[in-house]
Amino acid sequence: MPQMAQLLDAYDAQLRPAEVTNLPEDARAEQDGPITRVVGQHRGFISSPRDLGIDGEALDALIVRQKDFFGARGEPVEWKTRAHDLPPGIVQRLERAGFIAEGRETVMIGTCEEISNISAPPPAGVSIRQAWSPADMSRISAMESEVWGEDWGWLADDLNARLRRDSNAIVVLVAEAGGKVVSVGWAVHKKGTEFTALWGGSTLAAWRGKGIYRALVAERAQVALRWGCRYLQVDASADSRPILEKLGFVAVTETTPYVWSPS
């Protein structure tokens, strides 16, 4: 396994620029100084390099411009931050501007070769299969809505669009029991990088702690290896982090989305 500093350098150099490429057909990326904003998804998104290269009044003005831009569109916007970003006071400036922090997650990276060698079958009564159809995506959205207690209907449209755009760059897996979707996860190959990103991983409360998440990770590692990727990356919750550490993932930084919504 490469050292943490090497993994973090690869993350900054490869994955962060990839956040604003290979977008859905209705989305576009626009540059504004050091940041790139993405328009046309379920909410706006702002990606930045590790070092913004500005501070003070210039940074405050950059933040206000994003509020003005998305406010004129009547849309919320997410500014994705990392714990090692520069300047160090950026999150305080976002908070003063009215951005609100969502859940902090740990950026974790593992090697495809190591993780794919792990034996992690699903528990008895649970099967894992690849999902393709719009009906599957609707069932996934319904499960995510149940897990998070809010409407995740947008997710079906997002996954369907990704599959239409490049079905060779995304694999969606569902874990089912008794005909019901109980957990889901998808793997996304970040074209032009050595990374496959793992998303989803949500599990219905009654099915947690049974090894389903671990099985979905191992299955997606096999997918990433077939794609020829070197690394797996996860934005991990506090619940997922210990599972991933046992599988061989390394924590390299933390990430927190800061979200502003027009009144």
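This is a short talk on helices, buried strand residues and aromatic pairs in one predicted model.

Let's start with helix 2. It runs over residues 56-73, which makes 18 residues. From its first C-alpha to its last it reaches 27 Å, close to the 26 Å expected at 1.5 Å a residue.

Which residues of helix 2 are buried? Gly56, Leu59, Leu62, Ile63, Gln66 and Phe70. Look down the axis of helix 2. The buried residues fall within an arc of 145°, so they line one face of the helix. A reminder on geometry: an α-helix has 3.6 residues a turn, so residues three or four places apart point the same way. Now turn to the other side of helix 2. There, Glu57, Asp68 and Ala72 are exposed.

What covers the buried residues of helix 2? The cover includes strand 1 (28-32), strand 2 (35-39) and strand 3 (44-47). It also includes strand 4, helix 3 and strand 12 (250-260).

Two local details here. Arg37 lies over the face of Phe69, at 3.8 Å from the ring centre. And just after helix 2, Gly74 takes a positive phi of about 70°.

Next, the aromatics. How many aromatic pairs are there? The count comes to five. One of them joins Trp79 and Phe99. That pair is edge-to-face, with 6.3 Å centre to centre and 90° between the planes. The pair links distant parts of the chain, 20 residues apart. Trp79 sits in strand 4 (residues 77-82). Phe99 sits in the loop between helix 3 (90-96) and strand 5 (100-101). Both Trp79 and Phe99 are buried.

Another pair is Trp148 with Trp152. Their ring centres are 6.0 Å apart and their planes are at 10°, so this pair is stacked. Trp152 counts as buried, at 17% relative accessibility. Trp148 and Trp152 also belong to one aromatic cluster with Trp154.

From there to helix 6, residues 154-165. Its 12 residues should span 16 Å at 1.5 Å a residue. The end C-alpha atoms are 17 Å apart, which agrees. Buried in helix 6 are Leu155, Ala156, Asp158, Leu159, Asn160, Ala161 and Leu163. Their cover includes helix 5 (134-148), strand 8 and strand 9 (180-189).

Strand 8 deserves a stop. Take Ile170, which is found in strand 8. Is Ile170 buried or exposed? Buried, with a relative accessible area of 2%. Set aside neighbours within four places in sequence. Ile170 is then in contact with Leu159, Arg162, Leu163, Trp186, Ala187, Val188 and Trp227. For a sense of distance, take Gly89, 81 residues from Ile170 along the chain. Their C-alpha atoms are separated by 36 Å.

Glu176 is in strand 8 too, which covers residues 170-177. Why call this glutamate buried? Buried means under 20% relative accessible area, and Glu176 has 12% relative accessibility, so it counts as buried. Which side chain makes a polar contact with that of Glu176? Arg129, at 3.0 Å. Arg129 is also among the residues that Glu176 touches beyond four places in sequence. The others are Gly125, Val126, Ser127, Arg139, Val181 and Val182. Ser127 is 49 residues away along the chain, yet the C-alpha atoms of Glu176 and Ser127 are separated by 5.4 Å.

On to strand 10, residues 195-203, and Thr196. Thr196 is buried, with a relative accessible area of 0%. Leaving aside neighbours within four places, Thr196 is in contact with Ala187, Val188 and His189. The list goes on with Ala224, Trp227, Cys229, Tyr231, Leu232 and Gln233.

Gln233 brings us to the last residue, Asp235. The side chains of Asp235 and Gln233 make a polar contact of 2.8 Å. Asp235 lies in strand 11 (residues 231-236). At 11% relative accessibility, Asp235 counts as buried. Its side chain also makes a polar contact of 3.0 Å with the side chain of Lys80. What else does Asp235 contact, outside four places in sequence? Besides Lys80, the partners are Glu105, Thr106, Val107, Trp199 and Thr255.

To close, two buried acids to look at on screen. Glu176 has its polar contact with Arg129, and Asp235 has polar contacts with Lys80 and Gln233.

Terms used
Residues numbered from 1 in each chain as written. Predicted model: local features only at pLDDT ≥ 70, side-chain atom pairs only at ≥ 80, totals over all residues. Heavy atoms only, no water. Helix = DSSP H or I, 4+ residues; strand = E, 2+ residues; numbered from the N terminus. Buried < 20%, exposed > 50% of the residue type's maximum accessible area, 1.4 Å probe, protein only. Polar contact = N/O pair within 3.5 Å; in protein donor to acceptor, adjacent residues only side chain to side chain. Contact = heavy atoms within 4.5 Å. Phe/Tyr/Trp six-rings, centres within 6.5 Å; stacked < 30°, edge-to-face > 60°. Lys NZ or Arg CZ within 6 Å of the ring centre and 35° of its normal. Expected span 1.5 Å × (residues − 1). Arc of directions from axis to C-beta.
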